[in-house]
Amino acid sequence: MGEDNIPKLSLPLEIEEIIISSNPKTEMTVDEVIENYVGSLGYSQIIQAILVSLAWMFDAQITLVTIFSDANPKKWRCKPNYTCHNTHESSVCGLKPGTWEWIDGHKSSIIAEWGLVCHHNFLAALPASCFFFGSLLGAAAYGRLADSFLGRKRTLILASLLTAITAFLTSFSINIWTYAICRFLNGLTRSGIGICCLVLATEVVGRKWRGQIGQYGFFFFTLGFISLPLIAFYTKSSWRLLYQILSLLVFLYSIFILPFVAESPRWLLIRGRKNEALLGLSNLATRNGRSLPANIELTDPSLIANDDKKMMSLWGCKWARVRMGKAMIAAFGVGFVYYAVQLNVENLNFNKYVSVAINALIEIPAVFGGSFLLGFMKRRLLFFLSCLFTGISCFLCIIFTKSGKDNIVGNWIQLGIEGIGFMAASLAFDLMFIYCVELFPTNVRNFAVSLMRQALVLGAAVSPLLVVVGRLSPAFSFLVIGVLSILSGLMSICLPETKNLPLFETLEQQEKQENLAHPHHASSNHSST
């Protein structure tokens, strides 16, 4: 009896010792797992990037829809049995109400429907300002949600659904005031789309492809910009129908596409869900035709459990606080320049419709050219050169501001120079997002990107004021844009280079690794945390 019991007691222990000794756990970071086993860029990451980047299309449509919904009608006519003088040239301000009508109908835009002309024309700018103000407030809230309990994926779904709802409600506005409130809500709800798209797409790829994947995401924003006139053309008689169609597109995307997007394994890891993070990486590897070894274990980033402490840690570290401030200053300038160059086309000596169309098409080579340049150029240098070229282009445009509309050759040259400047501004705008993703660790990345986006939006909100001044002095508007662009580029010199560096998980981990790479900064960083 005793002899029979000996193998039963010793055999499991021996087997367990053999298993433990032959299969020790290997701790690896998310970056190491992606580079060594999942693949730096494969089928699964490309599909993930496409699925999340589609949201950029709808974000562009909701942002730029006012080009058509808030358009100022140009053509009007006298009603039957009424007489107007000089129909093609005179202003409707001098006509008796009820004696004339818009040729495209009074439902073609909010200006036509609510009579926002003459002494009421200043009200037409209110909805756009409210939209940007809403975006300014919403960015930080979404950044906090995406970094904390909600996560990247669910925050993107929430932002998309709320964007669809608010856009649909906008179509039922009864006057300019309710319309402005709805546009504010549009801006508030859509502000989480961009930051979540960028982070979800870039957190699952290797270092080599991070910049390119982020850059390709902006291509979908351009597609949304280009697709908007096609949709608006078939709804030109009703601005309300335009909003309803756009809201339906966002809603369908939220319901049928976003559920198939994978949550970021980096976010799962910092939330203490190591098994789910490892499973997510394993699924990515499987779709790439690879597999993870059974003994891999993800390195615990020692995330601070308290969300409030995590939120404060960005401002609690001097190096992170200073870096965030520099990034926001550069972003403010880039946001101002990017939107000011677009809006300032009316101060060119050229047909503004042709100018806008060319600017929209120019964004396509800007995206692909930027992706190519990101493959071998350093982030800081590329950003500085983009801002520099934008500034120089604006200075050159000043030369042609007094040439007049009759100088066809000079006007074409001015348009070409402006196009080059806008291409560079578009590249700097896109690069600012990618750069910010790489400047901060996972536990504050969404929050940092949202703060950077707030600075961008603030710059965008100020830019229309310059365009108004530019109507009186086009040369002055180009001068201000050029100067601010170059100053934004110079600010990037104060930021560290991030090309091919790993994405860190926590501020503590990033500080430690950066101090090892730059020992002369170690003492100052240590004393400031």
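Buried means under 20% relative accessible area, exposed means over 50%, and partly exposed lies in between (1.4 Å probe, protein chains only). This is a predicted model: local features need pLDDT of at least 70, side-chain atom pairs count only at pLDDT 80 or more, and totals for chains, interfaces and linings use all residues. Residues are numbered from 1 along each chain as its sequence is written, and side-chain values use heavy atoms, with hydrogens and water left out.

**Exercise 1. Salt bridges**

Find how many salt bridges the structure holds, then place the pairs D31 with R266, R190 with D59, and E438 with R379.

Solution.

Step 1. Fix the criterion. A salt bridge is a side-chain nitrogen of Lys or Arg within 4 Å of a carboxyl oxygen of Asp or Glu. The structure holds ten of them.

Step 2. Take D31 and R266. Their closest N and O atoms are 2.8 Å apart. D31 sits in helix 2 and R266 in helix 11 (residues 265–270), so this pair ties together parts 235 residues apart in sequence. Helices here are DSSP runs (H or I, at least four residues), as are strands (E, at least two), numbered from the N terminus. D31 is buried, and R266 is buried too.

Step 3. Take R190 and D59. Their side chains meet at 2.8 Å, N to O. R190 belongs to helix 8 (residues 176–202) and D59 to helix 3 (residues 43–64), so the bridge ties together parts 131 residues apart in sequence. Both R190 and D59 are buried.

Step 4. Take E438 and R379. The N to O distance is 3.0 Å. E438 lies in helix 17 (residues 408–439) and R379 in helix 16 (residues 379–399), 59 residues apart. Both E438 and R379 are buried.

Step 5. Look for a network. Salt bridges link D147, R152, E203 and R445.

**Exercise 2. Helix crossings**

Describe how helix 10 crosses helix 9 and helix 3.

Solution.

Step 1. Choose the descriptors. Two packed helices are described by the angle between their axes and the distance between the axes. Axes are lines fitted to C-alpha atoms, for helices over the stretch in contact, and angles run from 0 to 180 degrees between N-to-C directions.

Step 2. Set the classes. Angles under 35 degrees count as roughly parallel, over 145 as roughly antiparallel, 65 to 115 as roughly perpendicular, and the rest as oblique.

Step 3. Apply them to helix 9 (residues 207–233) and helix 10 (residues 239–256). Their axes come within 10 Å and cross at roughly 130°. That makes helix 9 oblique to helix 10.

Step 4. Apply them to helix 3 and helix 10. Here the axes come within 10 Å and cross at roughly 165°. Helix 3 and helix 10 are therefore roughly antiparallel.

Step 5. Assign the hand. A crossing is left-handed if the near helix is turned anticlockwise from the far one by less than a right angle, and right-handed if clockwise. Helix 9 passes helix 10 in a right-handed crossing. The crossing of helix 3 and helix 10 is left-handed.

**Exercise 3. Contacts across the sequence**

Locate T29, I434 and L248, and give a C-alpha separation for each.

Solution.

Step 1. T29 lies in the loop between strand 1 (26–28) and helix 2 (30–38). It counts as partly exposed because its relative accessibility is 24%. The C-alpha atoms of T29 and F504 are separated by 9.1 Å, with their positions 475 residues apart along the chain.

Step 2. I434 is in helix 17. It is buried, with a relative accessible area of 3%. I434 and T202 are 232 residues apart in sequence and 8.7 Å apart in space, C-alpha to C-alpha.

Step 3. L248 is in helix 10. At 46% relative accessibility, L248 counts as partly exposed. L248 and I165 are 8.9 Å apart, C-alpha to C-alpha, and 83 residues apart in sequence.

**Exercise 4. A backbone outlier**

What is the sign of phi at N500, and where is N500 found?

Solution.

Step 1. Recall the background. Most residues other than glycine have a negative phi.

Step 2. Read the angle. N500 has a positive phi of about 65°, although it is not a glycine.

Step 3. Place the residue. N500 is in the loop between helix 19 (474–491) and helix 20 (507–517). At 38% relative accessibility, N500 counts as partly exposed.
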